[in-house]
Amino acid sequence: MNFVGARWWKFDFHTHTPASFDYGKSDSELKTSKSPRDWLLDYIAKGIECVAITDHNTGDWVDGLKDAAESLRAENHSIYVFPGVEITASSNIHVLAIFDPSATSADINAVVGASKFRGTKGDSDSVAEESAENIIKEIQSAGGVAIPAHIDMKAGLCQQPSSHTVKQVCTHANAVEIVFPDREVVATPLSRYKNLNLELPSVIGSDAHHPNDIGRAFTWVKMSSPSIDGLKLALVDGSSSLIRSDSEVSDPNRASNTLLRSVTIESAKYAGRSSPLVIEFNPWLNSIIGGRGSGKSSVLEFIRLGMD
């Protein structure tokens with residue numbers, strides 16, 4: 001459904017391509033047979049429209065996926081790539097970095113380099129020299145969004161026994177990725193984060209390392225268009241612009257079957273316009289703002305007349 005204004009986009013915040021060593025799991029042929037186009041088609045098949053590319057410590061697949069996404073959009077597929085990376089910080093804390101669709105592989109690899117990662121690209125076990133806190137600052141200074149990954153799981157922030165460390169990292173983060181919001185894992189107790197009452201927005205991604213994992217978890221994000229500014233605004237808005245897939249099973253874009261899509265006003269004697277005035281509407285909230293005499297009531301009158 002295309003219309004003016006913001007809508008909900010089905011967003012996977014955490015994905016992996018063959019650039020990650022552990023992609024394909026036991027199916028080793030996937031690493032050599034999967035093309036960028038085929039990789040994106042797997043997400044399209046699950047209705048995912050926005051994909052954050054978050055390979056382990058590398059952005060090498062970003063440019064190829066961006067080209068493939070552009071070709072697929074030309075074929076009327078709704079798919080947008082958000083370049084990114086999953087950086088393994090010191091103390092084995094994983095941090096997701098997500099950037100605007102205009103970012104390139106070189107931009108992503110520059111952030112990995114600024115994190116003082118000197119290991120092998122694609123290897124999650126290689127650790128950067130910088131702390132998670134400093135890596136988050138590097139991501140944000142480069143214009144990106146920083147999200148501690150799967151904080152309640154292995155290689156997540158809640159493995160840290162010090163609540164001070166957890167608070168230090170989260171104070172600077174844009175959001176946190178929580179896999180099981182209602183479950184306490186012994187090795188990584190989520191209470192270490194929850195007890196701080198920081199109220200960061202919570203998102204979730206599939207963390208897919210295999211096509212079979214795609215669609216198992218995602219987040220609905222409310223944006224007017226897929227961009228880093230739209231994503232940042234949604235994260236600031238929090239629950240009013242973010243819906244986790246584990247809390248809503250239906251499509252939040254659903255609307256009434258009877259919609260007023262637009263009104264065209266032409267040949268009006270006192271409108272003072274040389275061309276028709278076309279006003280497009282959103283299925284949900286619409287606001288008409290203007291000073292006295294600017295035509296607010298007239299628009300409502302034209303709607304009344306048009307709807308008989």
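What share of the contacts in the protein chain with a separation of 6 or more comes from residues 24 or more positions apart? I looked this up before anything else, and the figure is 73%. Contact here means heavy atoms within 4.5 Å.

**Ground rules.** I am working from a predicted model, where local features need pLDDT of at least 70 and side-chain atom pairs count only at pLDDT 80 or more, while totals for chains, interfaces and linings use all residues. Residues are numbered from 1 along each chain as its sequence is written, and side-chain values use heavy atoms, with hydrogens and water left out.

**Overview.** I found nine helices and eleven strands in the protein chain; these are DSSP runs numbered from the N terminus, helices being H or I of at least four residues and strands E of at least two. The C-alpha atoms fill a box of roughly 70 × 45 × 35 Å along the principal axes. Of the 308 residues, 46% count as buried, with buried meaning under 20% relative accessible area, exposed over 50% and partly exposed in between (1.4 Å probe, protein chains only).

**Sheet.** I traced an open sheet of seven strands in the order E5-E4-E3-E2-E1-E8-E9, with mixed pairing. Strand E5 (145–148) and strand E9 (242–244) are at the edges with a single partner strand each, so one side of each has no neighbour in the sheet. On average, neighbouring strands here are turned by 30 degrees against each other, direction ignored. Zooming in, I saw E1 (residues 7–15) pair with E2 (residues 50–53) in the parallel sense over three bridges; two strands pair if DSSP finds at least two bridges between them. Thr15 has Ile53 in E2 as its bridge partner.

**Cores.** Next I checked the nonpolar cores, meaning sets of buried Ala, Val, Leu, Ile, Met, Phe, Trp, Tyr and Cys residues joined through side-chain atoms within 4.5 Å. The largest has 54 residues, and Trp39, Leu40, Ile139, Ile151 and Tyr193 have the most contacts inside it. Among the elements that each supply at least two residues of this core are H2 (36–45), H3 (62–74), H4 (105–114) and H5 (132–141). H3 gives the largest share, five residues. Apart from this core lies another, of 20 residues, with Phe11, Ala149, Met223 and Ala234 among them. As a reminder to myself, nonpolar side chains tend to be buried together in soluble globular proteins.

**Ile139 and Val111.** Leaving out residues up to four places away in sequence, Ile139 touches Val95, Leu96, Ala97, Phe99, Val111, Gly144, Val145 and Ala146. I followed the link to Val111, which is in helix H4. Val111 counts as buried because its relative accessibility is 6%. With the same sequence neighbours left out, Val111 touches Ile87, Phe99, Ile139 and Ala142.

**H2 against H3.** Their axes come within 9 Å and cross at roughly 60 degrees. (Axes are lines fitted to C-alpha atoms, for helices over the stretch in contact, and angles run from 0 to 180 degrees between N-to-C directions.) That makes H2 oblique to H3; under 35 degrees would be roughly parallel, over 145 roughly antiparallel, 65 to 115 roughly perpendicular, and the rest is oblique. On the H2 side I noted Pro36, Arg37, Trp39, Leu40, Leu41 and Ile44 in the contact, and on the H3 side Gly64, Leu65, Ala68, Ala69 and Leu72.

**Thr165.** Last stop was Thr165, in helix H6. Thr165 is partly exposed, with a relative accessible area of 25%. Thr165 and Glu133 are 32 residues apart in sequence and 8.9 Å apart in space, C-alpha to C-alpha.
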